[in-house]
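Me: I'm new to this one and would like to know how the labels get earned. Can I ask you about them one at a time?

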Amino acid sequence: MLERYNKAKRILLEKEYAKLNPEQKQAVFAPCDGTALILRAGAGTGKTTTVVNKIAYLIKYGDAYPPSDSLPAGITEEILKLMESGEAKAEDFIKYIANNPIPPYRILAVTFTNKAANEMKERICDMVGSGAEDMWVGTFHSVCIKILHRYIDRLDRFNGNFTIYDTDDAKSLLKSCVKQLDLNEKEFTPAYLLNIISGCKNKMMTPEDFENEASGNFKQTKIAQVYTLYQRRLKESNALDFDDIINHTVKLLKDNPDVAERLSGRFRQVIVDEFQDTNDAQYEFVDIISCGCKNLCAVGDDDQSIYGWRGANIDHIMNLGSTARCLTINRNYRSYDSIIDVANSIIKNNRYRFEKELRANIFGGEKVTYNCCESDYEEGRYVADTVERLVREEDRKYSDFTVLYRTNAQSRIFEECLMRLGIPYKIVGSLRFYERQEIKDMLAYLRVLANPSDIISLRRIINLPKRGIGQTTVDMIENLANMTGRSGFDIVKNCENFESIKRARSGLLSFASLMNKIAAFASENPVSELIKYISDTADLQSEYIKEGEDICASRLENIGELMNMAAELEQQSGDEPYTLSDFLERMALVSGIDEMEDDAGVTLMTVHTSKGLEFPIVFVVGLEETLFPSIRNFIEDEKEIEEERRLCYVAVTRAKEKLFLTCANRRMTYGKTSYNPVSRFIKEVPENLLNDISTPLHNGFETDSTIEHFERASGVSFANFVSSNYKKPDFSKAAGVKSFVQRESRGNQSFDIGDRVTHKKFGEGTVGNITVSGDMTVLTVDFDKFGRKNIISSVVSKL
DNA sequence: CAACCTCTAATTTTT
DNA sequence: TTAGAGGTTG
């Protein structure tokens with residue numbers, strides 16, 4: 001009877017999830033026995049579907065799939081017969097089948113984007129109905145904020161009204177720190193510092209750690225000082241930057257084991273999406289919250305890790321594999337086989353990855369087209385012409401097409417060429433809603449209201465519109481706030497008590513009374529009304545009108561849009577009060593209007609932005625050495641070239657039906673003409689997989705001869721542009737000029753460290769370092785006549 | 001404080 | 001090339 005029961009149960013469950021393929025089902029039914037599950041899901045393999053089904057299964061049936069060793073209570077011959085009859089659904093027998101089902105509130109699902117979180121939540125709710133909204137589904141940041149709010153009393157000196165500083169705010173604060181420390185502002189730029197500090201935070205390195213590591217090195221010590229001050233000033237402003245949100249949470253959990261225990265005890269299953277993108281701090285958070293990964297289901301694809309430069313550490317997904325139960329889903333439902341073949345042939349050149357191959361499920365697609373164009377302009381024209389042609393010949397819609405490029409700067413030419421043919425297009429991800437000046441202005445008003453210590457926001461609005469408050473006064477207020485430990489706004493209110501800012505008192509007092517009026521209004525009215533009130537009372541319009549009618553109108557329109565968003569959120573929250581803090585938090589963590597507007601047009605975006613999306617027809621453009629792969633990445637080491645390759649893999653796997661790969665022999669870069677060899681990624685694709693329609697002269701497989709051809713034909717050194725004046729801050733590697741050589745086509749040359757070499761333009765030099773990546777040899781050469789550190793890409797010969 | 005000039009640096013950006 | 005920042009001037 002037990003055997004019959006187990007068999008019937010299995011069949012019923014299999015039937016309920018019949019839409020999934022065997023690999024996906026295996027993932028859904030994987031037992032919850034305290035072993036981490038790692039689900040490697042290739043591009044286009046139905047990852048979200050699998051995860052969503054898994055969560056629904058856990059909620060409904062818990063750990064039902066493994067055979068039971070005893071019959072559940074109440075089961076009778078009659079019930080068993082019904083189960084076996086095959087006409088009923090598993091759901092009808094849920095109480096006999098379910099084994100320790102997981103209540104939704106004991107499930108945590110973490111994603112990287114709001115979009116992914118919303119989609120996941122929605123789909124699960126659709127599947128399991130009511131109750132599912134008790135699940136914790138959110139981004140790392142939103143989940144951590146939730147925890148921080150709940151245990152705010154454990155956080156030293158912060159209170160619940162804390163402000164979240166975005167990248168711009170963080171940079172402003174850093175700039176002010178550099179000033180305060182009286183450091184060279186050219187050497188210590190905000191962007192540079194933020195980069196380093198963010199890197200530290202991603203690795204859980206405190207200012208003290210950094211200082212210890214600096215061990216006397218002058219510059220490093222200075223950076224440590226900035227880092228220390230920056231953290232202090234954040235605290236004084238009752239503010240967190242994006243990285244702090246994660247870091248402070250981890251610290252909170254470490255310092256308060258009772259909290260950690262409470263939370264990790266609560267969650268019976270933790271699901272992390274895009275696991276390959278977790279940084280060290282995020283991993284630590286996951287580790288704590290999932291009882292040392294016991295309750296973890298990590299979903300991701302090492303081949304799609306493209307955020308290493310932001311601290312994402314691919315090692316997490318690679319290493320977890322040794323202790324976890326690993327499952328792979330590889331059947332691709334998105335693209336034609338011809339596209340899959342190209343994708344596979346590129347990605348297999350990476351060494352640091354799990355060996356796997358995407359398997360196509362849709363056959364008979366046309367060959368991938370490759371076109372090496374004469375110039376960047378030709379490339380643009382080719383794309384525009386092709387769009388136009390396919391719209392005409394195949395009745396395609398403009399919205400079927402997407403152009404993917406490596407850098408934003410490339411978009412211009414495509415815009416130009418599309419416009420010329422009257423083809424509508426849209427650029428995704430360029431200017432984000434919440435980054436607009438007027439939105440930030442309005443938010444700054446709201447932030448100061450909620451958190452009077454927020455010095456960065458205070459700075460922004462104290463003289464907006466103009467009230468005759470100058471830079472010096474603002475600096476002074478900041479100083480006074482720092483010294484007295486009072487909030488910036490408090491200083492403003494009491495400006496008469498401070499000699500140093502008395503001169504600006506009329507402006508300051510009018511600002512203070514304005515804010516008081518606004519505060520009074522805020523206490524009685526919802527956020528949406530408040531926005532309108534501020535816009536009118538503060539008279540932001542008077543400032544915007546100076547930029548012209550049109551700009552002013554559009555700024556006001558955007559503020560109106562912000563108001564609508566607030567109104568909508570208020571409505572959504574129903575009976576629950578919707579507070580200013582709720583709104584501000586959301587604005588800080590949501591990138592504004594998440595949905596891509598559906599107006600028909602060709603989509604233009606960077607490859608990074610395209611991750612997770614799919615399009616019928618895709619152009620991957622600018623496939624040239626130095627551009628894609630980017631020159632900044634392959635100089636340093638092999639690991640970064642692999643990330644570029646993954647990026648290329650991501651680009652290629654976006655295409656469902658048609659894929660075009662293009663590059664340009666000649667391109668304007670920084671105002672100079674450059675001649676780049678064809679991307680190695682093109683060369684990694686077997687020729688028979690590509691329909692090469694390049695003009696015969698430049699069918700581009702002989703990279704090295706292409707360089708020489710152009711150097712001869714044009715009289716322009718290929719090296720010219722790259723060598724122009726590339727300086728990388730902190731480039732403390734061996735001094736010298738770097739150069740790369742195509743080993744394959746030169747064939748007979750090999751180099752050793754110390755070899756003397758000669759170059760057409762740069763003369764003689766000594767080989768300092770050699771890195772082999774693929775069939776490319778990167779030489780670091782100290783050229784005798786250069787003192788400065790330069791990077792060139794060109795050809796040298798042995799002396 | 002706006003308008004103009006000069007200099008400089010230049011990937012990718014889920015939150 | 002070109003956008004943005006910083007400095008100078010009326």
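Reply: Sure. Let's start with asparagine 100, which sits in the loop between α5 (94-97) and β2. Keep in mind that this is a predicted model.

Me: What makes asparagine 100 worth pointing out?

Reply: Its backbone. Asparagine 100 has a positive phi, about 55°, although it is not a glycine. Threonine 626 is another non-glycine with a positive phi, about 85°, and its place is the loop between β15 and α29. Then there's methionine 204, which follows α9 and has a positive phi near 60°.

Me: Why does threonine 626 count as buried?

Reply: Buried means under 20% relative accessible area. Threonine 626 comes out at 9%, so it counts as buried.

Me: And how do you know that β15 is largely enclosed by the rest of the structure?

Reply: Take it residue by residue: 6 of the 6 residues of β15 are buried, so the strand is largely enclosed.

Me: What makes β12 and β15 a pair?

Reply: Two strands pair if there are at least two bridges between them. Strand β12 (residues 401-405) and β15 are joined by 4 bridges, so they pass, and they run parallel. As an example, valine 403 stands opposite phenylalanine 619 in β15. β15 also pairs with strand β16 (residues 655-669), in the parallel sense, over 5 bridges. There, valine 618 has leucine 659 of β16 as its bridge partner.

Me: Which strands are called edge strands in the open sheet, and what makes them so?

Reply: The sheet has 6 strands in the order β3-β2-β6-β7-β1-β8, with parallel pairing. Its edge strands are β3 (136-139) and β8 (325-329), as each pairs on one side only. Neighbouring strands here are turned by 15° against each other on average, ignoring direction.

Me: How do you know that β2 and β3 pair?

Reply: Count the bridges again: strand β2 (residues 107-111) and β3 share 4, in the parallel sense, and at least two are needed. Among the partners, alanine 109 goes with valine 137 in β3, and threonine 111 goes with threonine 139.

Me: Why is the unit made by β2, helix α6 and β3 called right-handed?

Reply: Look with the strands pointing away from you: a path from the first strand over the helix to the second that runs clockwise is right-handed. β2, α6 (residues 114-128) and β3 make a β-α-β unit of that hand.

Me: What makes you say that the span of helix α9 is close to the expected one?

Reply: α9 (residues 190-202) has 13 residues, and the expectation at 1.5 Å a residue is 18 Å. From first C-alpha to last, α9 reaches 18 Å, close to that value.

Me: Which residues of α9 are buried, and what covers them?

Reply: The buried ones include Tyr192, Leu193, Leu194 and Ile197. Their cover includes α8 (167-180), α10 (207-214), α11 (218-236) and α12 (242-255).

Me: Last one: which peptide bonds are called cis, and what are their omega values?

Reply: One joins leucine 464 and proline 465, with omega about -5°. Proline 465 lies in the loop between α20 (455-461) and α21 (471-484). Another runs from phenylalanine 628 to proline 629, with omega near 15°. Proline 629 has its place in the loop between β15 (615-620) and α29 (631-634).

Notes
Residues are numbered from 1 along each chain as its sequence is written. Chains are lettered from A and ligands numbered from 1 in the order in which they are written. This is a predicted model: local features need pLDDT of at least 70, side-chain atom pairs count only at pLDDT 80 or more; totals for chains, interfaces and linings use all residues. Side-chain values use heavy atoms; hydrogens and water are left out. Helices (H or I, at least four residues) and strands (E, at least two) are DSSP runs, numbered from the N terminus. Axes are lines fitted to C-alpha atoms, for helices over the stretch in contact, and angles run from 0 to 180 degrees between N-to-C directions. The expected span of a helix is 1.5 Å times one less than its number of residues. Buried means under 20% relative accessible area, exposed over 50%, partly exposed in between (1.4 Å probe, protein chains only). Contact means heavy atoms within 4.5 Å.
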